[in-house]
Amino acid sequence: MAEVRRPETTEQAPAEPGAGTMEADRKSRPEGTPPGRPGSSPRKRPEGPGSSPRKRPEGPGGPAGPDRPAGSGRPAGPARPRKRHTVRNVLLVLLILIVASLVFIFGINKWRIDFSLVGDDTVTYECGTPYRDEGATAEVTGSVLKFVHHPVRVEISTEGINIHEPGTYYAHYYAEFLWLSVTESRTVKIVDTTPPVIELTHIDDYYTLPHHTYEEEGFTATDNHDGDVTDLVESEERDGVVYYTVTDIAGNTATAEREIFYDDRNAPVFHFANGEEVFLYKGETFKEDVSAEDDADGDVTSRVTRSGTVNKDKIGTYTLTYTVSDEWGNVATKKRYVTVKRKLELPEKMDPDKVIYLTFDDGPGQYTEELLKILKKHKVKATFFVTLAYEDYQYLIKEEYRAGHTVAVHTASHEYSEIYESSDAYWEDFNKVQDVIQKQTRCRSQLFRFPGGASNTISANYCEGIMTQLAEESAVKGYTYVDWNITSGDAGDTTDGDVMYENMMNGIHTYKNSFILCHDIKSYTVAMMDRFITDALKEGYTFLPITSESPTCHHGINN
Ligand SMILES: [Zn+2]
């Protein structure tokens, strides 16, 4: 603790406070007069044994008597005036000695205020920390009369010290007593040595895919002086760690680190260029077209393994199983059907502008067997879009196939509200039929017909856009849907075979390729079919089953 002490003046004048910061206020007071004793005068004779009035010394040979005036009694001899002179001189010397002592004590002694800071002359505060002055003490004392210690109040001023702005400031002190005063100061340094604080945001369950750049969850940076310095933060990703750095105006740098949490929760996804299901003609070689993509690892096709084989020379549906794992260990497996199908032979002689594709929906049912006989009699092939509605007649699917007709998927339940509720619901219903077809014919079907046709709008009651979605999905799965361009009328418009006949004849005369909608579960349909086929054949028409090579017959999609 440094003590601020006024340098003592070397002037002779009493307590001249002109030197240094001390100022003297002489006023009318005699110099060197000690405070608190304003009336004392150096000329006053102090009392004491050394200053008592001198007795006249006794003369030799007799007791001293009272002085007598000259002329009374004995005439004064020459020794008497000499004696009086001596006394006066002694008194004078004594007086001079006393005065000299007082002058020395009160004139040579110099009064001053002793000032002393509590704490250091220079203090350093961190920016933003409240300043608390430690104070100072002051007392009046004398250079000679050192035993005097009279405390004096010190006024402190810390105005102007801005604790929020780094810089050099001063605390000021002032003390006064009578004509004495002193001003002092303390240096207050406000510094910013505190770096900003970086706070990292952590999102629950947040992860980064392996091999991927970290996507920032967020952060803030705040400085005690600069405030929000988030914009100044620089970050760098290195070896699984994100390093953050920010420097405030004062040059204080803060750093933070974030260890990146890597995770991969998704298995790779397979893609089959030629569709998820494959349909080949007998003798065609199956060409692998798989690829696999992982969200973290990218192309992982080289890691794909496949089990199962395809015999290109034997008709049937084969199951292949693909497996692939990503580097993280997520495994994907997928079953895939490859169907080796029979090749349908076209008649040698046919008019390509007179082709009829008879299609029968919603069977097989109780009239299907009769229909098969009619078709067989005329040696014509048709297409059956089958359901599972009539369990007792499901065996006829096999008969249809054996007879050379095309067996295709229609629907298991034919309930619009169920199958058009969602994509999953649709394909679940679809696969039930496909499985039955596969069981009975050994082959899965490439063709199918949407209940109500692709153009139906009733599906919108159950799922907006479902037809658009299903049409797109069917292509990915490898299926082809087939609609119609001629309606026989047996779906509710008529039960009259003659009306149906007219509808169909008018239709085939309109189109080069006629896709005629009929239902083999209707007796009147089956009943009029012999007449229609007979007459159409007479007119030179050819009846063909639909295959994947047939012309496309698609309604516009309205949902
Ligand atoms: Zn139907």
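Student: Which residue stands opposite V140 in strand 4?
Tutor: This is a predicted model, in which local features need pLDDT of at least 70 and side-chain atom pairs count only at pLDDT 80 or more, while totals for chains, interfaces and linings use all residues. Residues are numbered from 1 along each chain as its sequence is written. Strand 3 and strand 4 (residues 150-152) pair in the antiparallel sense over three bridges, where pairing requires that DSSP find at least two bridges between two strands. In strand 4, the residue opposite V140 is H150.

Student: What is the bridge partner of I113 in strand 3?
Tutor: Strand 1 (residues 111-117) is joined to strand 3 by seven bridges in the antiparallel sense. Strands here are DSSP runs of E of at least two residues, and helices are runs of H or I of at least four, each numbered from the N terminus. Within strand 3, I113 has as its bridge partner V140.

Student: Which residues of strand 3 point to one face and are buried?
Tutor: A residue is buried if 20 or more other C-beta atoms lie within 10 Å of its own, exposed if 12 or fewer, and partly exposed in between, with C-beta atoms placed from the backbone. The side chains of strand 3 (residues 136-142) alternate, and T137, E139 and T141 point to the other face and are not buried. The buried face carries A136, A138, V140 and G142.

Student: Why do the buried residues of helix 6 line one face of the helix?
Tutor: The buried residues of helix 6 are I466, M467 and L470. An α-helix has 3.6 residues a turn, so residues three or four places apart point the same way. Viewed down the axis of helix 6, with directions taken from the helix axis to the C-beta atoms, the buried residues line one face because they fall within an arc of 90 degrees.

Student: How far apart are the end C-alpha atoms of helix 6?
Tutor: The expected span is 1.5 Å times one less than the number of residues. For the twelve residues of helix 6 (residues 466-477) this gives 16 Å, and the end C-alpha atoms agree, being apart by 16 Å.

Student: Which exposed residues does helix 6 carry on the face turned away from its buried side?
Tutor: What covers the buried residues of helix 6 includes helix 5 (423-441), contact being counted when two C-beta atoms, placed from the backbone, lie within 7 Å. After helix 6 comes G478, with a positive phi near 100 degrees. On the face turned away from the buried side, the exposed residues are E472, A475 and V476.

Student: Which residue stands opposite D294 in strand 17?
Tutor: Strand 16 and strand 17 (residues 298-299) form a hairpin with three residues between them. Two bridges pair these strands in the antiparallel sense. Opposite D294 in strand 17 stands G298.

Student: Which strands stand at the edges, each with a single partner strand?
Tutor: An open sheet of four strands follows the order 15-20-19-18, and its pairing is mixed. Each edge strand has a single partner, so one side of each is left without a neighbour in the sheet; these are strand 15 (278-281) and strand 18 (305-307).

Student: What is the bridge partner of F279 in strand 20?
Tutor: Strand 15 and strand 20 (residues 331-341) run parallel and are joined by four bridges. In strand 20, F279 is partnered by T339.
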